Amino acid sequence: MSISNRFRGIANDVKDFHKSLGDRPGATPGGARDVKKASAGLAEWSEQVGDIPRMSLEYKLTPVLLKAHNHLDRARLDFAEEGLDEYVAKVWELQQKIYRLLNDL
């Protein structure tokens, strides 16, 4: 799978997770807000990621992915403080996808 497709997949996964938080009671406002920020940051690049030359992918995408990872990390900590283990596990899974993509850049 190409870097662009993997990036779009992560962006969609984060967006879907954010949508699911609105449907579930108990999500902390801070955690949901940080997931929303991560989703928005990734969404900005979802369309244009396919137009980035292969040689520039690392340079362009690394800051975006690191910023999204940072927002997700804050959300994970908020969820952990509230004892929302299901959300913590989902955020951790999303973070791992970001790590793997960063390693492949």
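**Helix packing and an aromatic cluster**

The axes of helix H2 (residues 29–46) and helix H3 (residues 57–81) come within 7 Å of each other and cross at roughly 165 degrees. These values come from a predicted model. An angle over 145 degrees counts as roughly antiparallel, and H2 and H3 are therefore roughly antiparallel to each other. The crossing in which H2 passes H3 is left-handed.

The contact between the two helices can be followed residue by residue. On the H2 side, the participants include Gly 30, Gly 31, Ala 32, Val 35, Ala 38, Leu 42 and Trp 45. On the H3 side, Leu 61, Val 64, Leu 65, Ala 68, Leu 72 and Phe 79 are among the residues that they meet. Sorted by character, the residues of this contact comprise twelve nonpolar, four polar and five charged.

One charged residue of H2 may be examined individually. Asp 34 is located in helix H2. Its relative accessibility is 7%, and Asp 34 therefore counts as buried, since the term applies under 20%. When neighbours within four places in sequence are left aside, Asp 34 is in contact with His 71, Arg 74, Ala 75 and Asp 78.

The next subject is the aromatic rings. A pair of such rings is described by the distance of the centres and the angle of the planes. The structure holds three aromatic pairs. In one of them, Phe 17 and Phe 79 are arranged edge-to-face, with 6.5 Å from centre to centre and 90 degrees between the planes. Phe 17 belongs to helix H1 (residues 3–23) and Phe 79 to helix H3, so this pair ties together parts that are 62 residues apart in sequence. Phe 17 and Phe 79 are both buried. Phe 79 also pairs with Tyr 87: the ring centres are 5.1 Å apart and the planes stand at 55 degrees, so this pair is tilted. Tyr 87, like Phe 79, is buried. Through these ring pairs, Phe 17, Phe 79 and Tyr 87 are linked into a cluster.

Helix H1 offers a further residue to consider, namely Ile 10. With a relative accessibility of 5%, Ile 10 counts as buried. Leaving aside neighbours within four places in sequence, Ile 10 is in contact with Leu 42, Lys 97, Ile 98 and Leu 101. Leu 42 has already appeared among the H2 residues that meet H3. In addition, the C-alpha atoms of Ile 10 and Ser 46 are separated by 9.4 Å, although these residues are 36 residues apart along the chain.

Definitions and conventions. Residues are numbered from 1 along each chain as its sequence is written. This is a predicted model: local features need pLDDT of at least 70, side-chain atom pairs count only at pLDDT 80 or more; totals for chains, interfaces and linings use all residues. Side-chain values use heavy atoms; hydrogens and water are left out. Axes are lines fitted to C-alpha atoms, for helices over the stretch in contact, and angles run from 0 to 180 degrees between N-to-C directions. Helices (H or I, at least four residues) and strands (E, at least two) are DSSP runs, numbered from the N terminus. Angles under 35 degrees count as roughly parallel, over 145 as roughly antiparallel, 65 to 115 as roughly perpendicular and the rest as oblique. A crossing is left-handed if the near helix is turned anticlockwise from the far one by less than a right angle, and right-handed if clockwise. Contact means heavy atoms within 4.5 Å. Ala, Val, Leu, Ile, Met, Phe, Trp, Tyr, Cys and Pro count as nonpolar, Asp, Glu, Lys and Arg as charged, and the others, Gly among them, as polar. Rings of Phe, Tyr and Trp (its six-membered ring) pair if their centres lie within 6.5 Å; planes under 30 degrees apart count as stacked, over 60 as edge-to-face and the rest as tilted. Buried means under 20% relative accessible area, exposed over 50%, partly exposed in between (1.4 Å probe, protein chains only).
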